[in-house]
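Here is a short tour of the fold, meant to be read with the structure open in your viewer. Let's begin with the strands and then move on to the helices and the overall form.

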Amino acid sequence: MHATEIEADLTEVLVTEQQIHGKLAELARRIEEDYAGRDLLLVGVLKGAVMVMADLARELGSHIAMDWMAVSSYGAGTTSSGVVRILKDLDTDLAGRDVLIVEDIIDSGLTLSWLQANLRSRGAASVEICALLRKPDAAKVDVDVKYLGFDIPNRFVVGYGLDYAERYRNLRDVAILAPHVYS
Ligand code: XMP
Ligand code: MG
């Protein structure tokens, strides 16, 4: 798809590719420092976190391992219910591991607070969270994000891994989807 074809579906770019890469480099320096000498496992949440994971992981100079989970909110509809179903589980035994969950976005916070508790219950030494985006105005539960990229307004955004009906994930920036696309 040609870039301008996607751009016609957007109202506003919220975070540019350049800002994302700058921020991930900054977070990577902090992560390297905090986990120096430890054996870090990055857990990416499919599918939205694919781009964040790919870019963050390559900013890290130290040895890391990567694994993936796919989860979905159990309830019907578009809002998180807080009950989460595992669609694809990890291949890794978490006992004694230092785990960093890598997520695209925190909306209500329900998915991540469930996931953090779930991974902790498997005997991990530590379970922290890195999220590129957060919508503070949508928070239903407090999530303790150790590494955060950007706070954004409570609008539906796409790009850099985030989708609408599986599209727009390949957009390099994070942008607000134009209403004409879903109305
Ligand atoms: P909660 O509410 O549990 O949900 O924090 C987080 C998940 O909801 C999805 N989500 C979005 N996806 N644009 C998207 O493409 C958005 O603006 C958006 N807000 C929430 C996303 O899957 C995330 O993992
Ligand atoms: Mg997601």
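## The open sheet

Strands β1 and β9 run antiparallel and are joined by four bridges. If you would like to pick out one of these pairings, select E12: its bridge partner in β9 is I176. Bear in mind as you look around that this is a predicted model.

Strand β9, residues 174-177, is also joined to β8, here by two bridges, and these two strands again run antiparallel. For V157, the bridge partner in β9 is I176. So which order do the strands take in the sheet? Three strands make up this open sheet, and they follow the order β1-β9-β8 with antiparallel pairing. The edges are formed by β1 (10-15) and β8 (157-158), each of which pairs on one side only.

## Where two helices meet

Next, turn to the helices α2 and α3. Helix α2 covers residues 17-34 and helix α3 covers residues 50-59; their axes lie 9 Å apart, and the two pack at an angle of about 50 degrees. An angle of this kind falls outside the parallel, antiparallel and perpendicular ranges, and α2 and α3 are therefore oblique to each other. As for handedness, the crossing of α2 and α3 is right-handed.

Which residues make the contact? On the α2 side they are H21, L24, A25, L27 and A28, while α3 brings D55, L56 and E59. Sorted by character, the residues in the contact of α2 with α3 comprise five nonpolar, one polar and two charged.

## The whole chain

Stepping back, the protein has five helices and nine strands. Read from the N terminus on, its elements follow the pattern α-β-α-β-α-β-β-β-α-β-β-β-β-α.

How compact is the protein for its length? Its radius of gyration is 16 Å, close to the 16 Å that the globule rule gives for 183 residues, so the protein is as compact as a globular protein of that length. If you are setting up a box of your own, it may be handy to know that the C-alpha atoms fill one of roughly 50 × 35 × 30 Å, taken along the principal axes.

How values were computed
Residues numbered from 1 in each chain as written. Chains lettered and ligands numbered in written order. Predicted model: local features only at pLDDT ≥ 70, side-chain atom pairs only at ≥ 80, totals over all residues. Pairing = 2+ DSSP bridges. Axes fitted to C-alpha atoms, helices over the stretch in contact; angles between N-to-C directions. Parallel < 35°, antiparallel > 145°, perpendicular 65-115°, else oblique. Left-handed = near helix turned anticlockwise from the far one by under 90°. Contact = placed C-beta atoms within 7 Å. Nonpolar A, V, L, I, M, F, W, Y, C, P; charged D, E, K, R; others polar. Rg over C-alpha atoms; globule rule 2.2 N^0.38 Å.
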